[in-house]
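Please look through the structure shown below before reading on. The paragraphs that follow go from ring contacts to helices and then to the buried cores.

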Amino acid sequence: MFNELIKTPAQLGSAITSTYIYSLIIAVVMVLIMVIVANMIPWEPGRRDNSGSKRRVAFFVLMVLTLVAPVMVNYFMFFNKIATPAFRSDYMMHMGLAGVVAAIVYFIIGFVLVKMQSKKTKLESIFPKNN
């Protein structure tokens, strides 16, 4: 399906379903990247450790990338192959929604993962628990 033009409603429906699936896969991969990046940022020596704020910035930068990446991937995989002009606007709406869904899924999974961590871990420092 990736090499043929999208001309029928059935092909469009299949492309829309694939759009959401790819977006969810990208969200999960970005959570894994977030865990790796958070663990790569070293603790800062001294009395005041600001490494948690660096991890928090990385968390939100990856969330923005999670919003943009599915749109770009789906644009090049499916949008360019839509031959019927009437289908383009419908697909564009789903392409944008899939990006938003991916960002929301990334935030929810990432936030829950961070909050499940015990004290004094690098992931926990992204959103530290109040005493």
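Arginine 88 places its charged end over the ring of phenylalanine 79, at 4.6 Å from the ring centre. The model in which this is seen is a predicted one. A second arginine is placed in a like manner: arginine 55 lies over the face of tryptophan 43, 4.7 Å from the centre of the ring.

Rings also pair with one another, and the structure holds 13 aromatic pairs. In one of them, tyrosine 22 and phenylalanine 78 have ring centres 6.2 Å apart and planes at 25 degrees; planes under 30 degrees apart count as stacked, so this pair is stacked. Tyrosine 22 belongs to helix H1, which covers residues 9-40, while phenylalanine 78 is in the loop between helix H2 (51-77) and helix H3 (85-115). The two residues are 56 residues apart, and the pair links distant parts of the chain. Their surroundings can be read from relative accessible area: tyrosine 22 has 25% and is partly exposed, whereas phenylalanine 78 has 1% and is buried, because buried means under 20%.

Another pair joins phenylalanine 60 and phenylalanine 107, whose ring centres are 6.5 Å apart; with their planes at 25 degrees, this pair too is stacked. Phenylalanine 60 is in helix H2 and phenylalanine 107 in helix H3, 47 residues apart, and again the pair links distant parts of the chain. Phenylalanine 60 is partly exposed, at a relative accessible area of 35%, and phenylalanine 107 is partly exposed at 30%. Beyond pairs, one aromatic cluster is formed by Tyr22, Tyr75, Phe76, Phe78, Phe79 and Tyr91.

Now to the helices themselves. H2 has 27 residues, and at 1.5 Å a residue it should span 39 Å; its end C-alpha atoms are 38 Å apart, which agrees. H3 has 31 residues and an expected span of 45 Å, and the 46 Å between its end C-alpha atoms agrees with that. Which residues of H2 are buried? They are Ser51, Gly52, Arg55, Ala58, Phe59, Leu62, Thr66, Pro70 and Asn74, and these pack against H1 and H3. The buried residues of H3 include Phe87, Tyr91, Met95, Tyr106 and Val114; the buried residues of H3 pack against H1 and H2.

In soluble globular proteins, nonpolar side chains tend to be buried together. The largest nonpolar core here has 14 residues, and Met34, Phe59, Tyr106 and Ile126 are those with the most contacts inside it. H1, H2 and H3 are the elements that give two or more residues to this core, and H1 gives the largest share, six residues. Leaving aside neighbours within four places in sequence, isoleucine 126 is in contact with Met34, Ala38, Gly52, Arg55, Arg56, Phe59 and Val114. Another core, of ten residues, lies apart from the largest one; Ile16, Phe78, Phe79 and Phe87 are among its residues.

The last stop is glutamate 124, in the segment after H3. Is glutamate 124 buried or exposed? Its relative accessibility is 5%, and buried means under 20%, so glutamate 124 counts as buried. Apart from neighbours within four places in sequence, glutamate 124 is in contact with Val114, Gln117, Ser118, Lys119 and Lys129.

Methods:
Residues numbered from 1 in each chain as written. Predicted model: local features only at pLDDT ≥ 70, side-chain atom pairs only at ≥ 80, totals over all residues. Heavy atoms only, no water. Phe/Tyr/Trp six-rings, centres within 6.5 Å; stacked < 30°, edge-to-face > 60°. Helix = DSSP H or I, 4+ residues; strand = E, 2+ residues; numbered from the N terminus. Buried < 20%, exposed > 50% of the residue type's maximum accessible area, 1.4 Å probe, protein only. Lys NZ or Arg CZ within 6 Å of the ring centre and 35° of its normal. Contact = heavy atoms within 4.5 Å. Expected span 1.5 Å × (residues − 1). Core = buried A, V, L, I, M, F, W, Y, C linked by side-chain atoms within 4.5 Å.
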